[in-house]
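This report describes the charged side chains and the overall fold of one protein chain. The sequence and structure are shown first.

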Amino acid sequence: MSVNQQHLDPDSTTDVEDVTHAEEELIKKCEEMWKDMEECQNKLSLVGTETLTDSNAQLSLLIMQVKCLTAELSQWQKETPEMIPLNEEFLVTLGKEEFQKLRHDLELTLSTIQSKNEKLKEDLERIFNELKTKMHDIKEYKEKLLVTLGEFLEDHFPLPDRNVKKKKKTVQESTAQLITLHEMLEILLNRLFDVPHDPYVKISDSFWPPYIELLLRNGIALRHPEDPTRIRLEAFHQ
């Protein structure tokens with residue numbers, strides 16, 4: 001058979017077409033693989049620029065991406081495209097290198113997020129300890145203030161003398177047990193510290209009116225602007 005006849009052999013022409021078709025399919029699959037890898041890289045870059053609002057969700061996303069890439073690599077390794085062994089080995093090696101690069105980038109991102117989480121945890125603990133220290137200082141200040149105030153008031157503002165007759169006998173005498181000025185101020189002070197958003201106290205029969213007027217005249221206590229039966233201690237600590 002002549003050389004010209006070999007070139008015109010239908011079987012030989014079919015083999016060439018099959019090889020060409022296999023190469024086209026392989027190129028198509030490679031392009032799809034590159035496209036998927038580029039999408040993963042874009043997602044990785046977006047993850048790197050996002051603000052850390054929910055660290056647990058970020059970690060879950062990264063772990064999911066690693067699993068997806070691992071599954072994709074395993075699937076590509078199982079496939080056997082119609083190509084010569086040299087090309088197959090080259091593409092598998094190339095895919096492994098690209099996967100290792102992506103995996104390395106994901107591990108770096110994961111490490112960065114974990115470091116941010118640790119720093120955030122340390123910051124929260126420090127803030128919490130600072131708040132505890134401030135609360136302790138406020139409590140000590142309150143206790144010292146009450147002790148000092150109590151000593152002063154016991155000496156200068158004792159309980160009213162119940163033996164003194166009232167000037168107006170027509171006014172019915174209250175049967176409530178009167179409290180000292182020290183006790184009255186302690187009630188107002190506790191209310192101010194315990195319920196700062198509503199520090200007003202209802203005036204009861206145990207509050208001696210002259211003491212109430214004394215606190216109001218000297219700016220130590222304030223009446224409620226809408227309810228004159230309620231008073232509060234002036235917030236001198238602010």
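## Salt bridges around Asp198

Asp198 and Arg191 are joined through their side chains by a salt bridge, with an N to O distance of 3.2 Å. The model is a predicted one. Asp198 is partly exposed, because its relative accessibility of 25% falls between the limits for buried (under 20%) and exposed (over 50%). Arg191, at 28% relative accessibility, is likewise classed as partly exposed.

Asp198 also meets Arg230 in a salt bridge, at 3.1 Å from N to O. This pair links distant parts of the chain, 32 residues apart: Arg230 belongs to strand S3 (residues 230-233), while Asp198 sits in the loop between helix H5 (181-194) and strand S1 (201-202).

## Other salt bridges

The count of salt bridges comes to seven. Within helix H4 (residues 85-156), Glu107 and Arg103 lie four residues apart, about one turn of the helix. Their closest N and O atoms are 3.4 Å apart, forming a salt bridge. Glu107 has a relative accessible area of 44% and is partly exposed; Arg103, at 37%, is partly exposed.

## Negative surface patch

Glu24, Glu25, Glu31, Glu32, Asp36 and Glu39 form a negative surface patch. Glu32, one of these residues, lies in helix H2 (residues 10-49) and is partly exposed at 42% relative accessibility.

## Overall fold

The protein chain contains six helices and three strands, in the order α-α-α-α-α-β-α-β-β from the N terminus. Of its 238 residues, 24% are buried. The accessible surface is about 18000 Å², and carbon and sulfur atoms account for 56% of it.

Terms used:
Residues are numbered from 1 along each chain as its sequence is written. This is a predicted model: local features need pLDDT of at least 70, side-chain atom pairs count only at pLDDT 80 or more; totals for chains, interfaces and linings use all residues. Side-chain values use heavy atoms; hydrogens and water are left out. Patches are made of residues with over 30% relative accessible area and no salt bridge: like charges are joined within 9 Å, nonpolar side chains (Val, Leu, Ile, Met, Phe, Trp, Tyr) within 5 Å. Accessible areas come from the Shrake-Rupley method with a 1.4 Å probe; for residues, only the protein chains shown count as cover. A salt bridge is a side-chain nitrogen of Lys or Arg within 4 Å of a carboxyl oxygen of Asp or Glu. Lys and Arg count as positive and Asp and Glu as negative; His and the chain ends are not counted. The place of a charge is taken as NZ of Lys, CZ of Arg, CG of Asp or CD of Glu. Helices (H or I, at least four residues) and strands (E, at least two) are DSSP runs, numbered from the N terminus. Buried means under 20% relative accessible area, exposed over 50%, partly exposed in between (1.4 Å probe, protein chains only).
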